[in-house]
Amino acid sequence: MPEQPAPTPAEPAAREQTLPKAARKHLTRELGWTPRATPPVPAADLEPRATRLPAEVRAELVALLGEDQVADDRETRLRHTGGTSYLDRLRRRQGDASDAPDAVLTPADTGQTAAVLALCSARGVVVVPWGGGTSPVGGLPGTDADDRPVVVLDLARMASVRALDVPSSLVTVGPGMRAPALAEALQADGLALDRLPQDLAEGTLGGHAATGTSGFDRLVAGLTLATPTGVLELGRPPAPAAGPDLLALALGSEGTLGVVTELRLQVRPEPRARHHEGWSLRSWAAGLAALQRLARHDLLPDVVALGDPAHTRTGSLLAGGSGARALRGLLRSRRHGGDCLLVLGWEGLPTVVRARRAAASSLLRESGAMRLGTRAGAPRAAVPQLRDQLLDQGLLVETLETAATWSALPTVYDAVRRALRESLSRPGHRPLVLTHVAHGYATGASLVVTVLADRDDDLPLQQWLTAKRAATDALLGAGGTLTHQHGVGADHRPWLEEEVGTLGVDVLRAVKARLDPQGVCNPGVLLPG
């Protein structure tokens, strides 16, 4: 199942959702924002620099893959430029295509991938793996500190189901496959992949493994990793105990050790029942306490999304439509004010879903929560859908994420919000910080923080870099993790040593030196420069 080409970066594929009038009024008042036209540079005006790939190296790559699988035309190079972070989008909107790769390669299998890596290592060519092109943390840099040529390895030709072991609940797939395509392929056998967050549907399965996506990592029973020095087969289900887990080392390596070319994933029976519903809580503190109680009693649902007051109000305004209006009415109708929306979901056998839901509901009511019903049970992610339109009108829009223990979570929440407000406030302008819990665990939860601010048209890159630095320092200082779901990339690499320690970074460097001695595998991410 080959992937469809992504849209040319400067012109997003769809801007169908429009900003509701109530949301525009709300943002203008909260931000001190003056809506203004700030359109991106037209895609036709983007021009990558001349390719640096030597003709003789290109000829060797063609000999390995075939002429059709080595592309260095303008359109293909631009289509494989950068990811989806605010900084990536901003650079492209400004007409900066300097990080376009010098060529795009499309290998068909592990053998071709390993051969390409060996050749590029010998010739000093940097290799960046490409799945869905959706990294929000600068995980797809097309430039190199030493100005070496850079090629992208597009894994779209490796996007099919290769084997299915129904008795063992295992499926083997190519790294270029996306979760919706796998779900469709598994339906005929009554199977499903465990639920992934909606915002991860556009990424590839290989990309989720390479970035160590939280929740997806536990589904990976094994993988094949092609490196410049050989091929590693990692993971032996159901429960290996032969030394340290090398599979865990590959998960989250972000292409710095090699390229994932095959995945063995755990699957489950297709859920016979799905139930989602909304609850309201008086305050953010009450919401966190309720989730903590559910976690302590092993009653966390399969879907957990708790919005703080700013997220709840702004999200309902941005979403628009009759569903959002109904939600606002439900929240206003509750006597305690309904400051925070909690969306929960259960999946599985009908009897099990009913029992889990009943037990969780009992604890929630004891915690002061009020049930809003199924009309409020659809998770809403309005800001991502509206991001390009908001950027077009002069706003800064970005998201960062972390996780913390239940005891540290309130402190992390306060610290990050304070840092963003202080760093992005200026006379007449202040940011709007929206926070929600997106995943719950026995020991803690994740926080996703979305910030909107009036963009500094003179220094837009510096504006966000200053805020990002302040927010990251704050969350680490308060006990949060550097990242939670999307990896380290280029954006977080300056703080990796603070997260894992100097010795930890040295260990990772030693592994990379053995597998990638010339340092050609995605050198711009993860490890500090």
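How many salt bridges does the count come to? In this predicted model, the count comes to 29 salt bridges, and the stops below visit three of these pairs and one network.

Begin by selecting Arg 93 and Asp 392, whose side chains meet in a salt bridge with an N to O distance of 2.8 Å. This pair links distant parts of the chain, since Arg 93 sits in helix α4 (residues 86-93) and Asp 392 in helix α13 (residues 382-392), 299 residues apart. If you colour by accessibility, Arg 93 comes out as buried, with a relative accessible area of 9%, and Asp 392 also counts as buried, at 16%.

Next, select Glu 233 and Arg 264, where the side chains form a salt bridge at 3.6 Å, N to O. Glu 233 belongs to strand β9 (residues 230-234) and Arg 264 to strand β10 (residues 259-269), so the salt bridge ties together parts that lie 31 residues apart in sequence. Here Glu 233 is exposed, with a relative accessible area of 54%, whereas Arg 264 is buried, at 18%.

Then move to Arg 274 and Glu 347, whose side chains meet in a salt bridge of 3.5 Å, N to O. Because Arg 274 lies in strand β11 (residues 273-281) and Glu 347 in strand β13 (residues 340-348), this pair ties together parts that are 73 residues apart in sequence. Arg 274 counts as partly exposed, at 47% relative accessibility, while Glu 347 counts as buried, at 10%.

Finally, keep Arg 274 and Glu 347 selected and add Asp 194, Arg 218, Arg 268 and Glu 270, and you will have on screen a network of residues linked by salt bridges.

Note on methods. Residues numbered from 1 in each chain as written. Predicted model: local features only at pLDDT ≥ 70, side-chain atom pairs only at ≥ 80, totals over all residues. Heavy atoms only, no water. Salt bridge = Lys/Arg side-chain N within 4 Å of Asp/Glu carboxyl O. Helix = DSSP H or I, 4+ residues; strand = E, 2+ residues; numbered from the N terminus. Buried < 20%, exposed > 50% of the residue type's maximum accessible area, 1.4 Å probe, protein only.
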